[in-house]
Each structure stands twice: as structure tokens, then as C-alpha cells.
Amino acid sequence: MDEKENIKERNEICSRTLKTGSRTYFFDARETRAGDYYLTITESKKNFSETGEITYKKHKIYLYKEDFSKFQSILDDMIRFIINEKGREVISERHQKDFKNHTTYNQEIKDGQQKKTSDIKNFTNINFEDI
């Protein structure tokens with residue numbers, strides 16, 4: 001076994017995977033050079049180009065033991081807040097298995113119920129500081 005394989009083997013301690021539609025989440029316990037452990041959380045999202053080529057966009061978080069408690073506390077608070085405010089039911093049509101990649105606006109145009117351009121402009125000019 002060469003040095004690269006040895007480092008990779010030592011670095012990857014434990015892994016779990018969560019697949020959800022077009023996203024996959026990887027939770028990996030890894031080892032530092034000093035022999036301590038840390039967590040990486042990777043979101044990988046499958047994308048399709050116009051030519052049908054599949055690409056993956058990845059985002060990674062490195063989480064170290066000294067931050068576990070604070071991270072978990074804030075994550076738990078945020079999850080409770082969202083559940084209390086909006087419940088557990090997923091309300092976005094994009095999360096439905098039969099969702100076709102069409103926006104409501106495109107469907108309304110197709111049905112002959114076009115929205116006024118001013119309504120769309122007003123929607124895109126929302127100042128989030130006012131919310």
C-alpha cells in the first residue's frame with residue numbers, strides 16, 4: 001500500500017449517506033494528522049445539462065469537535081423553529097416525485113392566464129430587509 005492509500009484509509013473513519021431525490025448528503029468522520037476526529041458534511045446535487053450530461057455540484061462543511069455543541073444547539077433550534085412555523089409537511093411542489101420542471105408561471109402562460117409584467121417586476125424587487 002502506497003502512502004496516498006494509507007493517508008486516505010486513515011482519514012476516512014466512518015461514513016453515512018442520505019439520498020433524497022436529486023441530492024445526496026455524505027456524513028464522514030475523518031481523522032486529523034494529530035489523530036483526532038472531525039466531521040465533514042457534503043451535499044452533492046445532480047444536475048442535467050441541456051445536452052443531457054450529468055454533473056454534480058458539491059458543497060462541504062468541516063465541523064470540528066470544539067464546535068459540535070454550539071452547532072447542534074443552533075441546528076436543533078432552527079429545525080424546531082421551522083417545524084413550529086410551517087409544520088412537517090413539505091409544501092413545495094418541487095419536492096413532489098411527479099414534479100415536472102415547469103414553473104407555475106409557465107403553466108399559467110400555457111393555460112392563457114398570463115400575469116402582468118408589472119406583477120412579476122414587483123415580485124422580483126422585494127426588499128428582504130422590510131420582511
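Where is the place of Thr-55? I looked this up before anything else, and I found Thr-55 in strand E4.

**Entry 1. Ground rules**

I noted that this is a predicted model, in which local features need pLDDT of at least 70 and side-chain atom pairs count only at pLDDT 80 or more, while totals for chains, interfaces and linings use all residues. Residues are numbered from 1 along each chain as its sequence is written, and side-chain values use heavy atoms, with hydrogens and water left out.

**Entry 2. The chain**

I listed four helices and four strands in the chain. Helices (H or I, at least four residues) and strands (E, at least two) are DSSP runs, numbered from the N terminus. Read from the N terminus, the order of the elements is α-β-β-β-β-α-α-α. I then looked up burial, and of the 131 residues in the chain, 9% are buried. Here buried means under 20% relative accessible area, exposed means over 50%, and partly exposed lies in between (1.4 Å probe, protein chains only).

**Entry 3. Two threonines in strands**

I returned to Thr-55 and recorded a relative accessible area of 37%, so this residue is partly exposed. Thr-55 is eleven residues from Ser-44 in sequence, and their C-alpha atoms are 9.8 Å apart in space. I also looked up Thr-20, which belongs to strand E1 (residues 12–20). Thr-20 has a relative accessible area of 37% and is therefore partly exposed. Between Thr-20 and Lys-45 I noted 25 residues of separation in sequence and 9.7 Å in space, C-alpha to C-alpha.

**Entry 4. Salt bridges**

Side chains of opposite charge can pair when their charged atoms come close. The rule I applied requires a side-chain nitrogen of Lys or Arg within 4 Å of a carboxyl oxygen of Asp or Glu. By this rule I have four salt bridges.

One of them joins Asp-28 and Arg-30, with 3.8 Å between the closest N and O atoms. Both Asp-28 and Arg-30 are buried.

Another joins Lys-65 to Asp-36, with the closest N and O atoms 2.7 Å apart. Lys-65 lies in helix H2 and Asp-36 in the loop between strand E2 (23–31) and E3, so this pair ties together parts that are 29 residues apart in sequence. Lys-65 is partly exposed at 43% relative accessible area, and Asp-36 is partly exposed at 35%.

I also noted a salt bridge between the side chains of Asp-77 and Arg-80 (2.7 Å, N to O). Both residues lie in helix H2, three residues apart, which is about one turn of the helix. Asp-77 is partly exposed, with a relative accessible area of 40%, and Arg-80 is partly exposed, with 47%.

**Entry 5. The second largest pocket**

Rolling a probe the size of a water molecule over the atoms shows where empty space is left. On a 1 Å grid over the protein atoms alone, a pocket is an open set of points where a 1.4 Å probe fits, with protein on both sides within 12 Å along at least five of seven lines; lining residues have an atom within 4 Å of a point.

How much space lies in the second largest pocket? I recorded about 250 Å³. Its lining includes Phe-27, Leu-39, Phe-68 and Gln-72. Strand E3 (37–48), strand E4 (54–64) and H2 each supply at least two lining residues. H2 gives the most, with five residues. By type, I noted nine nonpolar residues, one polar and no charged in the lining.

**Entry 6. A nonpolar surface patch**

Which residues make the nonpolar surface patch of about 320 Å²? I found Ile-61, Phe-71, Leu-75 and Ile-79. Patches are made of residues with over 30% relative accessible area and no salt bridge, and nonpolar side chains (Val, Leu, Ile, Met, Phe, Trp, Tyr) are joined within 5 Å. The largest share, three residues, comes from helix H2 (residues 65–86). Leu-75 is found in that helix, H2, and is partly exposed with a relative accessible area of 41%. I noted finally that Ile-61, Phe-71, Leu-75 and Ile-79 also appear among the residues that line the second largest pocket.

Terms used. Patches are made of residues with over 30% relative accessible area and no salt bridge: like charges are joined within 9 Å, nonpolar side chains (Val, Leu, Ile, Met, Phe, Trp, Tyr) within 5 Å. Accessible areas come from the Shrake-Rupley method with a 1.4 Å probe; for residues, only the protein chains shown count as cover. Grid points are joined across faces, edges and corners, and a volume is the space filled by probe spheres set on the points. Ala, Val, Leu, Ile, Met, Phe, Trp, Tyr, Cys and Pro count as nonpolar, Asp, Glu, Lys and Arg as charged, and the others, Gly among them, as polar.
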